[in-house]
Amino acid sequence: MVRTFIAVDMNDASIIGKIEKIIDHLKSFNVKMKFVETENLHITLRFLGEISESDVKVIKENIIDKLKCSPFNMTLKGVGAFPSTENPRVIWIGILEGFETLKNIKKEIDNMLVKNGFKINYEEFVPHLTIARVKFGKSNALSKFLIDYKDIEFGNVNINSIKLKKSTLTKNGPIYNNLAEAICK
């Protein structure tokens, strides 16, 4: 079995540098958090979970290799949290430009998955870039930080591929490997 997901990688050095500054600031709060390693920053379009090698092959050949997408710009803006800034569990960077494009690509991927026999849970998709998960603890200062940084601009990035990724969980955090890539053209 292979733990997999479909995602857009975030590998723009300028944006990653700005995110690292936010993560450094988040570390100053008295709240236990697990931070996403900068080399693992991505926007998940569909988490597939544990699937068989044969399912990986089906997804690669019938979805990733056939996915039609055009390159698009994505603007990252704002720091926020799910479910709320008062009770943060997931801390994220928001997507401004490119939000609807990501939703449309995800919808196309879901439709292709269903056509290939995969069951899909159609929960609402809100494109975002996760940077931390709150393990436990609460802080009014953290909530204020999230409110104060809700409009911070991180910049623009051109997206030109969608990737099927393998996630290997280790005690030091996940290791991601690319299994297939759809080039947007």
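Is C69 buried or exposed? C69 is buried, with a relative accessible area of 10%. The views below come from a predicted model.

**View A. A disulfide joins C69 to C184.** The S to S distance is 2.1 Å. The bond links distant parts of the chain, with the two positions 115 residues apart in numbering. C69 sits in the loop between α2 (53–64) and β4 (72–83). C184 belongs to the segment after β9 (175–183). C184 is buried, at a relative accessible area of 4%. The torsion about the S-S bond is about -90 degrees, so the disulfide is left-handed. The count for the model is one disulfide.

**View B. Helix α2 has a buried side and an exposed one.** V56, I59, I63 and I64 are the buried residues of α2. They cover an arc of only 80 degrees around the axis, which puts them on the same side of the helix. An α-helix has 3.6 residues a turn, so residues three or four places apart point the same way. E53 and K57 are exposed, on the face of α2 turned away from the buried side. The buried residues pack against strands β1, β3 (42–51), β8 (161–168) and β9, and against helix α3 (99–115).

**View C. Helix α3 lines one face with buried residues.** This helix has 17 residues. At 1.5 Å a residue they should span 24 Å; the end C-alpha atoms are 25 Å apart, which agrees. L102, I105, K106, I109, D110, M112 and L113 are buried. Seen down the axis of α3, these residues fall within an arc of 165 degrees, so they line one face of the helix. N104, K107 and K115 are exposed on the other side. Packing partners of the buried residues are β1, β3, α2, β4, β5 (88–95) and β8. G117 follows α3, and its phi is positive, near 90 degrees.

**View D. A salt bridge pairs D9 with K163.** Side chains of opposite charge can pair when their charged atoms come close. Here the closest N and O atoms are 3.0 Å apart. The pair links distant parts of the chain: D9 is in strand β1, K163 in strand β8, and they are 154 residues apart. Both D9 and K163 are buried.

**View E. K144 and D148 form a salt bridge within helix α4.** The closest N and O atoms are 2.7 Å apart. Both residues lie in α4 (residues 140–148), four residues apart, about one turn of the helix. D148 is partly exposed, with a relative accessible area of 48%. Elsewhere, salt bridges that share partners join R46, K106, D110 and E123 into one network. K106 and D110 are among the buried residues of α3.

**View F. K34 and E37 meet in a salt bridge.** The N to O distance is 2.9 Å. K34 counts as partly exposed, at 30% relative accessibility. The count for the model comes to eleven salt bridges.

**View G. M1 meets residues from farther along the chain.** M1 lies in the segment before β1 (2–9). Which residues does M1 contact, leaving aside its neighbours within four places in sequence? The contacts are E50, I51 and S52. The C-alpha atoms of M1 and S52 are separated by 4.6 Å, although the two are 51 residues apart along the chain. M1 is exposed, with a relative accessible area of 68%.

Methods. Residues numbered from 1 in each chain as written. Predicted model: local features only at pLDDT ≥ 70, side-chain atom pairs only at ≥ 80, totals over all residues. Heavy atoms only, no water. Buried < 20%, exposed > 50% of the residue type's maximum accessible area, 1.4 Å probe, protein only. Contact = heavy atoms within 4.5 Å. Disulfide = S-S within 2.5 Å. Arc of directions from axis to C-beta. Expected span 1.5 Å × (residues − 1). Salt bridge = Lys/Arg side-chain N within 4 Å of Asp/Glu carboxyl O.
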